[in-house]
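Reader: Please give me a close look at the salt bridges in this model. Start with the rule used to call them, then follow them wherever they lead.

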Amino acid sequence: MVGQRFVQLLDGHPWFQVTSIAASKSSAGKTYEESVQGRWKLATPIPDPVKSIVVQDASQVEKVAAEVDFVFCAVDMKKNEIQALEEAYAKTGTPVISNNSAHRWTPDVPMVIPEINPGHMDVIAAQRKRLGTSSGFIAVKPNCSIQSYVPALHALLDYKPTHVVASTYQAISGAGKNFTDWPDMLDNVIPYIGGEEEKSEQEPLRIWGSVADGEIVKASSPLITTQCIRVPVTDGHLATVFASFENKPAKDEILDRWRQFKGRPQELRLPSAPEQFITYFEEDNRPQTKLDRDIERGMGVSVGRLREDSIYDYKFVGLSHNTLRGAAGGAVLIAELLKAEGYIQAI
Ligand SMILES: N[C@@H](CC=O)C(=O)O
């Protein structure tokens, strides 16, 4: 599903062009169109320019790397295999922008939400040294779920959030499925997504961490607890959030921070950057997954229902598109930032 989103988003991209596609040995040798036959899950058709690209075997690292300036990586393999594959590409001098979780905790690999922690790219120099390359490296994006609440909290970091409770209501595309693949999800809610709660609690702390001696040191606060639930929607992860602060802001201050929030992608006017990163809805019944997930071409984050709480300081609802901002779109935005900052030399 994420691979298909990459192909869709890169069709007509002003800076990047898909020249090679690589996958498992079983797909190698087929055209891309043949390889996704009966498995194309997006509403838009397969883009013409990629249909006839002959899929290569991703394990032929030198061969694939010779044809590209950098790679996007989204694969379904064991963690140690993904780590080895991504490092092998990086060692050929090829930057790797990864959607996988395998390297999210490797100390010198930046895990980036471009509006929030672009400074973490500073660790790339140390990583290159470790890998013995002057141009290759790995940069990763975080788990899709956290984009539904971390941006809204990040805008309030000055007020020092101390405790956060987030429950996520996650779309079935997050599991790479639609309702045809997963009929059990019709009229159903499943209260478990393997590994998701740990990622949702820990990854924000790495995003808010600092750079020291070429490594990311994770933040120690706020304390975050989550419950992650699969719900019967196609796309869009929604979160209900409770938060307390060391210095409790006024409601107007919060709304102001959200409206004003801009990051490097907005300053640099990157092609995939949303103009308005966080949009606040005044209506009590917004954001809604179906109505609001595509805001800013699926790259914006929607927030609503901010109000005081009887136990925590505030509660609100957040929403982001999981396969766009939360996956392929987030990775394309990282690549744009890396190119704009000179880490990727794409022609
Ligand atoms: N692990 C996530 C992937 C993001 O969309 C999920 O299962 O939803």
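Author: A salt bridge here is a side-chain nitrogen of Lys or Arg within 4 Å of a carboxyl oxygen of Asp or Glu. The model is predicted, so local features need pLDDT of at least 70 and side-chain atom pairs count only at pLDDT 80 or more, while totals for chains, interfaces and linings use all residues. Residues are numbered from 1 along each chain as its sequence is written, and side-chain values use heavy atoms, with hydrogens and water left out.

By the salt-bridge rule, the count is 15. Take D108 and R130 as one case. Their closest N and O atoms are 2.6 Å apart. D108 sits in the loop between β4 (95–98) and α6 (124–131), and R130 sits in helix α6, so the pair ties together parts 22 residues apart in sequence. Helices (H or I, at least four residues) and strands (E, at least two) are DSSP runs, numbered from the N terminus. The two partners differ in exposure. D108 is buried, at 8% relative accessible area. R130 is partly exposed, at 42%. The cut-offs are under 20% for buried and over 50% for exposed, with partly exposed in between (1.4 Å probe, protein chains only). The pair does not stand alone: E87, D108 and R130 form a network of salt bridges.

Next come two links with wider spacing in sequence. K248 and E308 meet at 2.7 Å, N to O. K248 lies in the loop between β10 (237–245) and α9 (251–260), E308 in strand β12, and 60 residues separate them. K248 is partly exposed, at 41% relative accessibility. R264 and E341 also pair, at 2.8 Å, N to O. R264 belongs to helix α10 (residues 264–267), E341 to the segment after α12, and the two are 77 residues apart. Both ends are partly exposed: R264 at 29%, E341 at 31%.

Now the domain boundary. Domain 1 covers 1–141 + 328–341, and domain 2 covers 146–320. These bounds come from an automatic or database domain assignment. The domain centres, taken over C-alpha atoms, are 24 Å apart. Their contact (heavy atoms within 4.5 Å) takes 35 residues from domain 1 and 37 from domain 2.

How much area is buried between domain 1 and domain 2? About 2800 Å², with 68% of it from carbon and sulfur atoms. Buried area is the accessible area (1.4 Å probe) that two parts lose on being put together, summed over both. W105, E115 and I116 supply 24% of what domain 1 buries against domain 2, more than any other three residues.

Salt bridges cross this boundary too. Four of them run between domain 1 and domain 2. D181 forms a salt bridge with K41, and their closest N and O atoms are 2.6 Å apart. Between the domains, 12 residue pairs are in polar contact, both residues at pLDDT 80 or more. A polar contact is a pair of N or O atoms within 3.5 Å; within protein, one must be able to donate a hydrogen and the other to accept it, and residues adjacent in sequence count only if both atoms are side-chain atoms.

On the side of domain 1 that touches domain 2, helix α12 (residues 324–340) gives the most, with seven residues. That side divides into 19 nonpolar, eight polar and eight charged residues. Ala, Val, Leu, Ile, Met, Phe, Trp, Tyr, Cys and Pro count as nonpolar, Asp, Glu, Lys and Arg as charged, and the others, Gly among them, as polar.
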